[in-house]
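Reader: I am new to this structure and would be grateful for a close look at a single part of it. Might you take one pocket, describe what surrounds it, and then follow one of its walls outward?

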Amino acid sequence: MMSEAILVSTLSSSEIPQELRDEKKEDDSWSSLPEELLSLMLSRVYFSDYPRFRATCVSWQRASPPLELTPHYPKYQSPCLLLHGLRRAIEFFNPMYNITYKTDISELSHITVYSFNHGWLLMGSGDGHHTFFLDPFTKVKIEIPNIPSNITFSRICFTSSPTSLDCMVIGFTIILGDLRVGIIKRGEEKWTIEDFRSSQIWLRFHLSDCNPILHNGWYYCLDTAGNLGVRKPESVRDSWHIYPQRLPWKLRDTLRQCFIVESNEDILSVFVYCGGDRRVCVYKLDFSKMVWERIEDLGNRTLYISNTTSFSINSTIRGMGNKIFFPKFNGKDGVFYSLASKRYHTYDDDAYENPREIKELKEFVWATWVLPEFALVSGEDPKW
């Protein structure tokens, strides 16, 4: 649990109104703090501490609206990493404070997380055909029709909040280089399955472990060699296109992981290479040529990368930009990659150069970055 000391220490003196700094209070207890100061403290509270903040006393509860009535997530928050597995407790890792929170979400036991977006997890259980949405912060659940028993998807994602009328769930798999797509729209009871043949029949496209992304009405995905696949979400014939990428041969032969992420109006790819230093390279898609171009600096952007979901955040916190957070740990400490130093670091500023040290970093392959988007959902669980 985050202590009150941490909450107060994150506020700079310039953020506290002058009249509050100059005013001397006879009663210095926590319950007597002015609401203006409590509001500033609340803007820095991580979501897991929000209920504890409200439970402190009556005055703190008055300063913080109920969770389901909070229209916007505090601007100082960052994505958090959802850690789950068959043999571990459900935990959230907060990279901003390098703190891990244990939580009790029974719905996350013995399931597979397919993707996260718009405040919702898309998950599957059992044989992979039973699929449903879950808001991990309010525990609201939305069941959707089962995937056909004779179909298995490698990747599954969705276009918008499942409470939106235009929500679509889309499954992808590759069969001998051709694309098989399953689509179900909100309100529908059955999946629509279609196959799409690529014009590049000579190129075998093997989906990478990361999920596709939706950008300006098109889905973009990567294969294990960094090649780009693009298609329209709707059922349109001849809409599956593959764009081969000509990476330097030394890099192409050592590519270990590749991720794709939407960043403002750009599409970025993050490639992790084999070798002792686990080199990380970032590329931006040139839409005019449909090729990846290497970039050396992210500016104030911070990337949060995982197989299921990735985010690009314009950081407002000094020192957080130009970094890439993977689901990697050294013990309990989160590890990030700095494009400036071209090294992995922890918050203690330990830099990892020794190949053995880098190889020993623990990676949670199926962890998921999540970003709360609290919404008002009242009554019974909404229907698909």
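Author: Let us take the second largest pocket, in what is a predicted model. This pocket is lined by 21 residues, and those nearest its centre are His-84, Thr-112, Val-113, Thr-308 and Trp-366. Its volume is about 330 Å³. Sorted by class, the lining consists of 11 nonpolar, 8 polar and 2 charged residues.

Which strands contribute to this lining? At least two residues each come from β1 (80-85), β4 and β8. The largest share belongs to β4, which gives 4 residues.

Strand β4 therefore deserves attention in its own right: 5 of its 7 residues are buried, so the strand is largely enclosed by the rest of the structure. Its partner is strand β5 (residues 120-125), to which β4 is joined by 6 bridges in an antiparallel arrangement. Val-113, one of the residues nearest the centre of the second largest pocket, has Met-123 of β5 as its bridge partner. The two strands, β4 and β5, form a hairpin with 2 residues between them. In the turn of this hairpin, His-118 has a positive phi of about 55 degrees. As a general point, the side chains of a regular strand alternate between the two faces of the sheet.

The same wall leads to another pocket. Strand β4 (111-117) also gives two or more residues to the lining of the largest pocket, as do β8 (155-158), β12 (213-215), β16 (255-263) and β21 (311-314). In the largest pocket, however, the largest share of the lining is the 4 residues from β16. The lining of the largest pocket comprises 29 residues, and Asn-117, Glu-262, Thr-309, Ser-310 and Phe-311 lie nearest its centre. Its volume is about 590 Å³. By class, this lining has 14 nonpolar, 13 polar and 2 charged residues.

Aromatic side chains complete the picture. How many aromatic pairs are there? The count comes to 17 aromatic pairs. One of them joins Phe-271 and Tyr-273: the ring centres are 6.5 Å apart and the planes stand at 80 degrees, so the pair is edge-to-face, a term that applies to angles over 60 degrees. Phe-271 has 0% relative accessibility and therefore counts as buried, and Tyr-273, with a relative accessible area of 1%, is buried as well.

Another pair, Phe-325 with Phe-336, is tilted, with 5.4 Å from centre to centre and 45 degrees between the planes. Phe-325 belongs to strand β22 (residues 323-330) and Phe-336 to strand β23 (residues 333-338), so this pair ties together parts that are 11 residues apart in sequence. Both Phe-325 and Phe-336 are buried. In addition, Phe-259, Phe-326, Tyr-337 and Tyr-344 form one aromatic cluster.

Two aromatic rings also have a charged residue over the face. Lys-141 lies over the face of Phe-132, at 4.4 Å from the ring centre. Arg-231 lies over the face of Phe-196, at 4.5 Å from the ring centre.

To return to the starting point, β4 supplies the largest share of the lining of the second largest pocket, and it is also among the strands that give two or more residues to the lining of the largest pocket.

Terms used:
Residues numbered from 1 in each chain as written. Predicted model: local features only at pLDDT ≥ 70, side-chain atom pairs only at ≥ 80, totals over all residues. Heavy atoms only, no water. 1 Å grid on protein atoms, 1.4 Å probe; cavity = no way out; pocket = protein on both sides within 12 Å on 5 of 7 lines; lining within 4 Å. Points joined across faces, edges and corners; volume = space filled by probe spheres on them. Nonpolar A, V, L, I, M, F, W, Y, C, P; charged D, E, K, R; others polar. Phe/Tyr/Trp six-rings, centres within 6.5 Å; stacked < 30°, edge-to-face > 60°. Buried < 20%, exposed > 50% of the residue type's maximum accessible area, 1.4 Å probe, protein only. Lys NZ or Arg CZ within 6 Å of the ring centre and 35° of its normal. Pairing = 2+ DSSP bridges.
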